[in-house]
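Subject: Handing over a structure

Dear colleague,

I am passing this structure on to you, and since you have not worked with it before, I have written out below what was found in it. Please keep the sequence and the 3D view open while you read.

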Amino acid sequence: MKATGLTPKTEKNEDLIARAKKYKNIPWCEQYERMISGMLYDSLVPELEDARLRSRKLMKKYNDYLPDDATTASLAADRQKMLREYVGYLGEESWIEAPFYFDYGCNISFGDRFYANTNLVILDCGLVTIGDRVMFGPFVSIFAATHETEVQSRRHNIEFAREVVIGNDCWIGGSTVVLLGVTIGDGCTIGAGSVVTKSIPAHSVACGVPAKVVKKVEPVK
């Protein structure tokens with residue numbers, strides 16, 4: 001299943017590029033700018049390959065880290081320090097259970113008091129922005145990357161991506177998959193096992209494959 005109606009962009013998105021300039025550890029190159037803009041790009045240029053290798057080294061460090069003398073407080077501090085080495089932005093009091101997997105890391109922004117249970121996967125070829133006080137169940141996946149359906153394009157390692165945005169105060173149930181180009185508004189709940197193929201308006205409860213709104217909730221001031 002894929003997000004519906006998505007085709008590659010034909011021009012760079014200067015707003016997204018400007019936002020990425022505020023993040024850390026960005027592998028700046030022509031193909032990176034094309035990638036986050038939603039254009040077709042070559043995923044095997046050296047700058048992007050090196051960035052993904054760096055990410056894998058950092059993931060291993062993060063996922064294997066659990067000292068015998070760790071306390072809850074020391075583990076939280078150590079994990080936040082490691083996360084800040086490779087994610088674009090990390091808010092205060094955020095906790096991501098190991099293991100955590102991603103493509104680049106530098107394209108992800110986490111708000112304050114973010115929590116993710118085990119086995120979070122984020123393919124952050126597009127920018128992924130997550131708000132404050134957001135909770136993820138286990139095995140949540142965000143796929144901001146895709147390929148064209150034409151075979152020749154895939155043979156040439158050509159991909160494209162699209163931004164994903166999750167607003168404040170959202171709860172994303174376990175084993176949910178969020179596809180590229182999706183915005184989930186503030187205050188949403190997504191039922192476990194859902195596949196979110198299109199945007200969900202704020203203060204909604206949605207579930208299913210594909211996810212559909214089943215009720216609305218009251219906004220909180």
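The notes below go through the annotated domain, the salt bridges, the cavity and the pocket.

Please bear in mind throughout that this is a predicted model.

To begin with the record, the UniProt entry, which is unreviewed, lists residues 32-92 under "domain: Maltose/galactoside acetyltransferase". In the model, this stretch of the chain is 61% helix and 7% strand, and the C-alpha atoms at its two ends lie 28 Å apart.

Turning to salt bridges, the count comes to nine. One of these joins E30 to K12, with 2.8 Å between the closest N and O atoms. Because E30 belongs to helix α2 (residues 30-37) while K12 sits in the segment before α1 (14-20), this pair ties together parts that are 18 residues apart in sequence. K12 also meets E33 in a salt bridge, again described by an N to O distance of 2.8 Å. Here too distant parts of the chain are linked, as K12 is in the segment before α1 and E33 is in helix α2, 21 residues away. As for exposure, E30 is partly exposed, with a relative accessible area of 41%, and K12 likewise counts as partly exposed, at 28%.

A further salt bridge is formed by K61 and E85, whose closest N and O atoms are 3.6 Å apart. This pair connects helix α3 (residues 46-64), which holds K61, with the loop between α4 and β2 (89-90), which holds E85, and the two residues are 24 positions apart. K61 counts as partly exposed at 42% relative accessibility, and E85 is partly exposed at 30%. Through shared partners, salt bridges join K12, E30 and E33 into one network.

As for enclosed space, a search of the whole structure finds one cavity of 30 Å³ or more, and the volume of the largest cavity is about 30 Å³. Its lining consists of Y62, A76, R79, Q80, L83, S94, W95 and I96. Helix α4 (72-83) and strand β3 (95-96) each supply at least two of these residues, and the largest share, four residues, comes from α4. By character, the lining divides into five nonpolar residues, two polar and one charged.

The largest pocket, finally, holds about 180 Å³ of space. It is lined by R133, D169, D186, G187, C188, T189, H203, V217, E218, V220 and K221, a set made up of three nonpolar, three polar and five charged residues.

With best regards

Definitions and conventions:
Residues are numbered from 1 along each chain as its sequence is written. This is a predicted model: local features need pLDDT of at least 70, side-chain atom pairs count only at pLDDT 80 or more; totals for chains, interfaces and linings use all residues. Side-chain values use heavy atoms; hydrogens and water are left out. On a 1 Å grid over the protein atoms alone, a cavity is a set of points where a 1.4 Å probe fits but cannot get out, and a pocket is an open set with protein on both sides within 12 Å along at least five of seven lines; lining residues have an atom within 4 Å of a point. Grid points are joined across faces, edges and corners, and a volume is the space filled by probe spheres set on the points. Ala, Val, Leu, Ile, Met, Phe, Trp, Tyr, Cys and Pro count as nonpolar, Asp, Glu, Lys and Arg as charged, and the others, Gly among them, as polar. UniProt positions are given in the numbering used here, feature names are shortened, and annotations may be inferred rather than shown by experiment. A salt bridge is a side-chain nitrogen of Lys or Arg within 4 Å of a carboxyl oxygen of Asp or Glu. Buried means under 20% relative accessible area, exposed over 50%, partly exposed in between (1.4 Å probe, protein chains only).
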